[in-house]
Amino acid sequence: MLAHVRRFVVIASVVTTAGAAGAQPADPEDLLITPSQLARQLGNPKTVVLHVSAREDYDAGHIAGARFVELRDLSAPRQEGGLALELPDEATLRQRLERLGIADGSTVVVAFGADWVSPATRVVFTLHAAGLGSRTRLLDGGTAAWKRAGHPLTTEAPPAVVRGTLTEPAQRPLVVNYEWVQANARAPGVRLIDARAPMFFQGPGMRDHGAGHIAGATNIPFNSLVDDSLRILPTEELRRKFAAGGVLPGDTVAAYCHIGQQATVVLLAARLLGHHVLLYDGSMDDWEKRGLPLVNPTRGQGGGGPPRDGTR
């Protein structure tokens, strides 16, 4: 993990359990917002709507007042040979959020256009890391759900943003590095989840993408946690999927994917179930650059070893 994110990183020598992960999760009821709920809040000056999509999608129609956001707006600049997506340092992140008009007391609603679910949940996670997790909502189903509910979109630019001021402390570390993953993948009270599609988890993968998984991980594909309309699955369905992935009640869920984006869908779902969450931000991009081993069942390489408690 690069130096600019060290302030967010959990030290690898510490085994993080649910009791050590800080003041999370938020009340699950506060993590998602419906179109009708958002419509009632749009007139509130403390409500900030962020639209996450391609620029052309935003320009074609967005919720009135929504501010356009790309992942690079809330990520560290990519260095030559560096990782594709990382959190910026705490001070930089705070400044960028303030430029979006986010302030102490703001409620932030993240809406996605097209099928941009995982970029939107990445923004939700970033706000969580910045200490705004209890005041951030994902518009369930995105702008498509907004339109289906009969609410209008606009092509008008939002009013000029009044810069906000954030003084609240950032969340306790939510990001872990490769050393932490090596030390804690099978630790009691921790479940490591690979959020990629099964073809990557099991192999053979694809060119330029990892084939196989980190030893000790189980697979909950990120796109299995939303329905055909891109709404997050009901709680009981999520609970069954997490149980099938070996997650026990009270576990801390640590997740990774290709670059730290798809994993945030898993982490949002885990928060909805009341779990503490951690992100291996470098994910496979970092793991493979370091030449670390993978378990690849299709090639007979590696081995996950026995489950941490002998039962899963």
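Me: How many residues of α9 are buried in this predicted model?
Reply: The model is predicted. Helix α9 is mostly covered. Its buried residues include Val265, Leu268 and Arg271. The count is ten of its ten residues.

Me: Which residue just after α9 takes a positive phi?
Reply: Look just past the end of helix α9. There phi is positive, about 90 degrees. The residue is glycine 274.

Me: Where is cysteine 257 placed?
Reply: Strand β10 covers residues 252–256, and helix α9 covers 263–272. Cysteine 257 sits in the loop between β10 and α9.

Me: Is cysteine 257 buried or exposed?
Reply: Cysteine 257 touches Ala195, Arg196, Gln262, Ala263, Ser283 and Met284, leaving aside residues up to four places away in sequence. Its relative accessible area is 1%. Buried means under 20%. Cysteine 257 is therefore buried.

Me: What separates the C-alpha atoms of cysteine 257 and phenylalanine 222?
Reply: Along the chain, cysteine 257 and phenylalanine 222 are 35 residues apart. In space, their C-alpha atoms are separated by 8.9 Å.

Me: What is the relative accessibility of serine 283?
Reply: Serine 283 belongs to helix α10, residues 283–289. It is among the residues touched by cysteine 257. Serine 283 counts as buried, because its relative accessibility is 0%.

Me: What is the phi of serine 283?
Reply: Most residues other than glycine have a negative phi. Serine 283 is not a glycine, yet its phi is positive. The value is about 50 degrees.

Me: Alanine 114 is not a glycine either; what is its phi?
Reply: Alanine 114 lies in the loop between β5 and α4. Its relative accessible area is 46%, so alanine 114 is partly exposed. Its phi is positive, near 50 degrees.

Me: Which residues of α3 are buried?
Reply: Helix α3 spans residues 90–99. The cover over its buried residues includes α4, residues 117–132. In an α-helix, residues three or four places apart point the same way, because there are 3.6 residues a turn. The buried residues are Leu93, Arg94, Arg96, Leu97 and Glu98.

Me: Which backbone nitrogen does aspartate 89 reach at the start of α3?
Reply: A side-chain oxygen of aspartate 89 makes the approach. It comes to within 3.1 Å of its partner. That partner is the backbone nitrogen of alanine 91.

Me: Which residue with a positive phi follows α3?
Reply: The phi here is near 90 degrees. The residue following α3 is glycine 101.

Me: Which strands stand at the edges of the five-stranded open sheet?
Reply: The order is β2-β6-β5-β3-β4, with parallel pairing. Two of these strands have a single partner each, so one side of each is left without a neighbour in the sheet. The edge strands are β2 (32–33) and β4 (67–69).

Me: What angle does the direction of α4 make with that of β5?
Reply: Helix α4 packs on this sheet. It touches β3, β5 and β6 (136–139). The angle is about 165 degrees.

Me: Which residue of β5 stands opposite valine 52?
Reply: Strand β3 (residues 47–52) runs parallel to β5, and six bridges join them. Opposite valine 52 stands phenylalanine 112.

Me: How much of the chain counts as buried?
Reply: The chain has ten helices and eleven strands. Its accessible surface comes to about 13500 Å², with 51% belonging to carbon and sulfur atoms. Of its 312 residues, the buried share is 54%.

Note on methods:
Residues are numbered from 1 along each chain as its sequence is written. This is a predicted model: local features need pLDDT of at least 70, side-chain atom pairs count only at pLDDT 80 or more; totals for chains, interfaces and linings use all residues. Side-chain values use heavy atoms; hydrogens and water are left out. Buried means under 20% relative accessible area, exposed over 50%, partly exposed in between (1.4 Å probe, protein chains only). Helices (H or I, at least four residues) and strands (E, at least two) are DSSP runs, numbered from the N terminus. Contact means heavy atoms within 4.5 Å. A polar contact is a pair of N or O atoms within 3.5 Å; within protein, one must be able to donate a hydrogen and the other to accept it, and residues adjacent in sequence count only if both atoms are side-chain atoms. Accessible areas come from the Shrake-Rupley method with a 1.4 Å probe; for residues, only the protein chains shown count as cover. Two strands pair if DSSP finds at least two bridges between them. Axes are lines fitted to C-alpha atoms, for helices over the stretch in contact, and angles run from 0 to 180 degrees between N-to-C directions.
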